[in-house]
Number of protein chains: 2
Amino acid sequence: MTNDNTVFVGNKPVMSYVLAVVTQFSNGADEVAIKARGKAISRAVDTAEITLNRFLDNVSKKEIITSTETIDTDTGKTNVSSIEILLAQEK
Amino acid sequence: MTNDNTVFVGNKPVMSYVLAVVTQFSNGADEVAIKARGKAISRAVDTAEITLNRFLDNVSKKEIITSTETIDTDTGKTNVSSIEILLAQEK
């Protein structure tokens with residue numbers, strides 16, 4: 001299942017997400033995608049940086065993608081930026 | 001000069017930075033780098049997305065780099081995440 005390898009970053013402390021990423025790699029994942037929207041984008045970058053600098057030596061950034069998503073709110077549709085940071089185990 | 005083609009994103013409204021990027025391309029720049037640190041990272045992504053979706057048709061994302069910078073504060077050194085989004089004119 002693809003979703004098993006995705007960590008959605010929201011408003012929790014950054015270390016919660018770092019732990020989630022480290023856990024997925026510990027469980028044998030080859031790749032983990034860190035995704036976030038809006039203001040949580042900064043925290044997604046923090047998650048990737050802390051994970052790579054402090055916890056996982058043989059994992060690196062494979063790809064970073066930014067995009068725009070349209071979401072429905074009470075007051076109509078609005079655009080929000082999103083980011084996906086793909087971390088991959090080095091072979 | 002390299003700095004002429006860099007837009008540093010901070011705490012101003014996002015449209016200030018979009019205008020700065022559009023202006024640099026209008027002045028003939030082939031590439032413009034959008035840089036930000038910490039919480040401003042989300043706004044840097046917004047700047048790139050709005051610029052590409054609403055203003056510049058023949059410009060695309062060339063590269064996105066994230067890194068960790070060590071900065072000096074009153075209470076000692078601290079790490080902060082940073083992002084650089086490189087936009088380039090399509091040939």
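1. Two strands are said to pair if DSSP finds at least two bridges between them. In this predicted model, β1 of chain A and strand β2 (residues 31-37) of chain A satisfy that condition, with three bridges joining them in the parallel sense. Within this pairing, A:Val7 has A:Ile34 of β2(A) as its bridge partner.

2. The pairing just described belongs to an open sheet of four strands in chain A, ordered β1-β2-β4-β3 and mixed in its pairing. Its edges are formed by β1 (6-8) and β3 (59-73) of chain A, each of which pairs on one side only. From one strand to the next, the twist averages 20°.

3. Helix α1 (residues 14-26) of chain A lies across this sheet, over β1, β2, β3 and β4 (76-89) of chain A. The direction of this helix is at about 175° to that of β1(A).

4. Chain B also contains an open sheet, made of four strands in the order β1-β2-β4-β3 with mixed pairing. Because β1 (6-8) and β3 of chain B stand at the edges with a single partner strand each, one side of each is left without a neighbour in the sheet. The twist in this sheet averages 20° from one strand to the next.

5. The antiparallel pairings of chain B both involve strand β4 (residues 76-89) of chain B. Strand β2 (residues 31-37) of chain B pairs with β4(B) over seven bridges. Here B:Val32 stands opposite B:Leu87, and B:Arg37 has B:Ser82 as its bridge partner in β4(B).

6. Strand β3 (residues 59-73) of chain B pairs with β4(B) over 14 bridges. One of the residues concerned is B:Thr70, whose bridge partner in β4(B) is B:Asn79. The two strands, β3(B) and β4(B), form a hairpin, and two residues lie between them.

7. Two helices of chain B should be considered with its sheet. Helix α1 (residues 14-26) of chain B packs on the sheet and touches β1, β2, β3 and β4 of chain B, its direction making about 175° with that of β1(B). Helix α2 of chain B lies across β2, β3 and β4 of chain B and runs at about 5° to β4(B).

8. Helix α2 (residues 41-55) of chain B also reaches the other chain, lying across β3 and β4 of chain A at about 65° to β3(A). In total, the contact between the chains takes 16 residues from chain A and 16 residues from chain B.

9. The area buried between chain A and chain B is about 1,300 Å², and carbon and sulfur atoms give 50% of that area. On the side of chain A, the residues that lose the most area to chain B are A:Ser42, A:Ile64 and A:Thr66, together 37% of what that side buries.

10. Between chain A and chain B there are zero salt bridges, whereas 17 residue pairs are in polar contact, with both residues at pLDDT 80 or more. Three elements of chain A, namely α2 (41-55), β3 and β4, each supply at least two residues of the side that touches chain B. Among these elements, α2(A) gives the most, with six residues. By class, this side of chain A has four nonpolar, eight polar and four charged residues.

Key:
Residues are numbered from 1 along each chain as its sequence is written. Chains are lettered from A and ligands numbered from 1 in the order in which they are written. This is a predicted model: local features need pLDDT of at least 70, side-chain atom pairs count only at pLDDT 80 or more; totals for chains, interfaces and linings use all residues. Side-chain values use heavy atoms; hydrogens and water are left out. Axes are lines fitted to C-alpha atoms, for helices over the stretch in contact, and angles run from 0 to 180 degrees between N-to-C directions. Contact means heavy atoms within 4.5 Å. Buried area is the accessible area (1.4 Å probe) that two parts lose on being put together, summed over both. A salt bridge is a side-chain nitrogen of Lys or Arg within 4 Å of a carboxyl oxygen of Asp or Glu. A polar contact is a pair of N or O atoms within 3.5 Å; within protein, one must be able to donate a hydrogen and the other to accept it, and residues adjacent in sequence count only if both atoms are side-chain atoms. Ala, Val, Leu, Ile, Met, Phe, Trp, Tyr, Cys and Pro count as nonpolar, Asp, Glu, Lys and Arg as charged, and the others, Gly among them, as polar.
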